[in-house]
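Colleague: Please take me through one stretch of this chain in close detail, starting at its far end. Then set that stretch against the rest of the fold.

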Amino acid sequence: MFTFFLLCLAGFSSGADIPGQQPNIAIDTRGVIRIVYGDGEKIYCMTSSNNGIVFSKPLLVGEIKGMHLGHTRGPQIASSVNYTMITAIDKEGTIHSYSYNHLKKTWINSGVVNDSKGSAVEGLMALTADKNDNFYATWLDIRSDKKNNIFLSSIAGKSSTWTRNLMVYKSPDEHVCECCKPNISFNNGKLVVGFRNWLMGSRDIYYAVSTDNGKSFSAAQKSGSGTWTLKACPMDGGGLVVSETGTIGTAWRRNDGVYYSPDGKSEQKVGNGRDVSMAQYKSTTAVAWQDKGTIKVLDLNIKSTVEIGQGMSPKVYILPNRKALCVWEDDKTIRYRII
């Protein structure tokens with residue numbers, strides 16, 4: 001069974017009110033944890049170097065006029081050896097990025113990600129990093145016939161220029177799910193992009209794999225065995241992980257159920273709800289979601305689910321000590337727990 005620990009923020013417990021929305025988590029190779037979130041048009045980042053026992057005061061990273069925020073839209077974060085990257089999208093469809101040098105301890109503007117003006121107006125994207133200071137971003141992009149499909153770009157931590165954008169996937173039915181956040185993960189030489197598709201009336205989770213650092217991708221594959229025929233957008237992109245052995249794991253909502261696939265093919269129902277995310281570190285895997293406003297986290301190794309608070313949009317991360325850090329939004333307030 002999970003054991004609960006309270007996080008502290010500059011002397012305050014995790015129950016302290018921290019104004020903000022849509023928090024996300026990253027951890028670098030030295031175990032430093034960073035939580036990013038938005039508050040209005042401002043981006044903040046909090047840092048912990050002791051497995052989340054104490055976090056720094058929030059640091060202002062940047063300010064974006066008309067920043068997308070809410071309903072899984074908001075700042076994204078990824079960390080590697082020497083750098084951390086944050087991306088965020090404005091309502092005009094521009095993806096902004098900020099780079100943090102771990103040695104210099106400074107945030108700088110690292111340029112625009114999308115090379116087609118106004119192409120990311122939906123405001124939905126994801127970010128990841130490999131272990132060699134390379135960062136990879138994926139997002140919903142309308143440059144092709146004004147329809148949302150999946151694009152990607154990458155950048156080296158020391159660079160200020162993102163690569164030429166690549167279309168990872170275009171649905172034969174013109175577009176992918178229009179308001180579901182994509183996912184991205186890198187491990188064992190595999191860069192995997194996940195997304196909710198729109199195909200023959202169904203909105204199922206698919207993923208595509210690159211083994212050459214995002215230069216090319218395999219044909220997209222569907223996760224799980226079931227399907228979800230739906231005429232509306234569920235606004236729920238699910239979660240994605242790649243294990244150290246290269247196995248791809250996905251978690252997602254279908255109807256009112258939450259499902260997990262450890263290999264992209266088989267599936268198992270793990271609960272009911274929405275706002276699904278997942279994380280994996282070595283042999284430990286966790287899935288988080290909200291069920292009627294209650295945040296739940298499942299340890300898949302021991303099949304134990306705990307309820308940790310009220311809110312929406314939970315994000316979960318497995319720490320090096322195998323405990324899970326979960327962060328979420330509760331009425332425009334940031335909440336978080338180690339479990």
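Modeller: Start with Thr333, which counts as buried because its relative accessibility is 11%, under the 20% cut-off. A caution before going on: this is a predicted model.

Thr333 is a loop residue, placed between strand E29 (324-329) and strand E30 (334-338). Leave out residues up to four places away in sequence, and Thr333 touches Asp17, Ile18, Gly20 and Trp328.

Now the two strands on either side of that loop. E29 and E30 run antiparallel and are joined by 5 bridges. One pairing to find on screen is Trp328 with its bridge partner in E30, Arg335. Trp328 is also one of the residues that Thr333 touches. The hairpin of E29 and E30 has 4 residues between the strands. Within this hairpin, Asp331 takes a positive phi near 55°. That deserves a second look, because most residues other than glycine have a negative phi.

Next, E30 itself. The strand is mostly covered, with 5 of its 5 residues buried. In a regular strand the side chains alternate between the two faces of the sheet. In E30, Ile334, Tyr336 and Ile338 point one way. Arg335 and Arg337 point the other way. Residues on both sides are buried, the two arginines included.

Compare strand E18 (residues 205-210). Here 6 of the 6 residues are buried, so E18 is largely enclosed by the rest of the structure. Ile205, Tyr207 and Val209 point one way from E18. Tyr206, Ala208 and Ser210 point the other way, and again all are buried.

E18 has partners too. Strand E17 (residues 190-196) pairs with E18 in the antiparallel sense, over 6 bridges. In that pairing, Val193 stands opposite Ala208. E18 also pairs with strand E19 (residues 221-222), in the antiparallel sense and over 2 bridges. Tyr207 has its bridge partner in E19, namely Gln221.

Ile205 of E18 brings us to a cavity. The structure holds 1 cavity of 30 Å³ or more. Its volume is about 30 Å³. Ile205 lines it, together with Arg196, Arg203, Asp204, Ser223, Trp252, Arg253 and Arg254. Strand E21 (residues 248-254) gives the most to this lining, with 3 residues. By type, the lining divides into 2 nonpolar, 1 polar and 5 charged residues.

Back to loops and positive phi. Asn188 sits in the loop between strand E16 (183-187) and E17. Phi of Asn188 is near 50°, a positive value in a residue other than glycine. Asn188 counts as partly exposed, because its relative accessibility is 43%. Asn51 is another case, with phi near 60°. Asn51 lies in the loop between strand E5 (42-48) and strand E6 (54-55). At 27% relative accessibility, Asn51 also counts as partly exposed. Both values are over the 20% that bounds the buried class, and neither is over the 50% needed for exposed.

Take a second threonine to set beside Thr333. Thr84 is found in strand E9 (residues 83-89). Its relative accessibility is 0%, so Thr84 counts as buried. Beyond four places in sequence, Thr84 touches a list of residues that includes Arg34, Ile77, Tyr98, His102, Trp107 and Phe135. Also in that list are Ala78, Ser79, Ser99 and Tyr100. For a sense of distance, Thr84 and Gly189 are 105 residues apart along the chain, and their C-alpha atoms are separated by 20 Å.

Finally, the whole chain. The secondary structure comes to 0 helices and 30 strands. The radius of gyration is 18 Å, close to the 20 Å that the globule rule gives for 339 residues, so the protein is as compact as a globular protein of that length. Along the principal axes, the C-alpha atoms fill a box of roughly 55 × 45 × 35 Å. Of the 339 residues, 62% count as buried. Consider contacts between residues at least 6 apart in sequence: 49% of them join residues at least 24 apart. Thr333 shows contacts of that kind at residue level, since Asp17, Ile18 and Gly20 are among the residues it touches.

Note on methods. Residues are numbered from 1 along each chain as its sequence is written. This is a predicted model: local features need pLDDT of at least 70, side-chain atom pairs count only at pLDDT 80 or more; totals for chains, interfaces and linings use all residues. Side-chain values use heavy atoms; hydrogens and water are left out. On a 1 Å grid over the protein atoms alone, a cavity is a set of points where a 1.4 Å probe fits but cannot get out, and a pocket is an open set with protein on both sides within 12 Å along at least five of seven lines; lining residues have an atom within 4 Å of a point. Grid points are joined across faces, edges and corners, and a volume is the space filled by probe spheres set on the points. Ala, Val, Leu, Ile, Met, Phe, Trp, Tyr, Cys and Pro count as nonpolar, Asp, Glu, Lys and Arg as charged, and the others, Gly among them, as polar. Buried means under 20% relative accessible area, exposed over 50%, partly exposed in between (1.4 Å probe, protein chains only). Two strands pair if DSSP finds at least two bridges between them. The radius of gyration is taken over C-alpha atoms; the globule rule is 2.2 Å times the number of residues to the power 0.38. Contact means heavy atoms within 4.5 Å.
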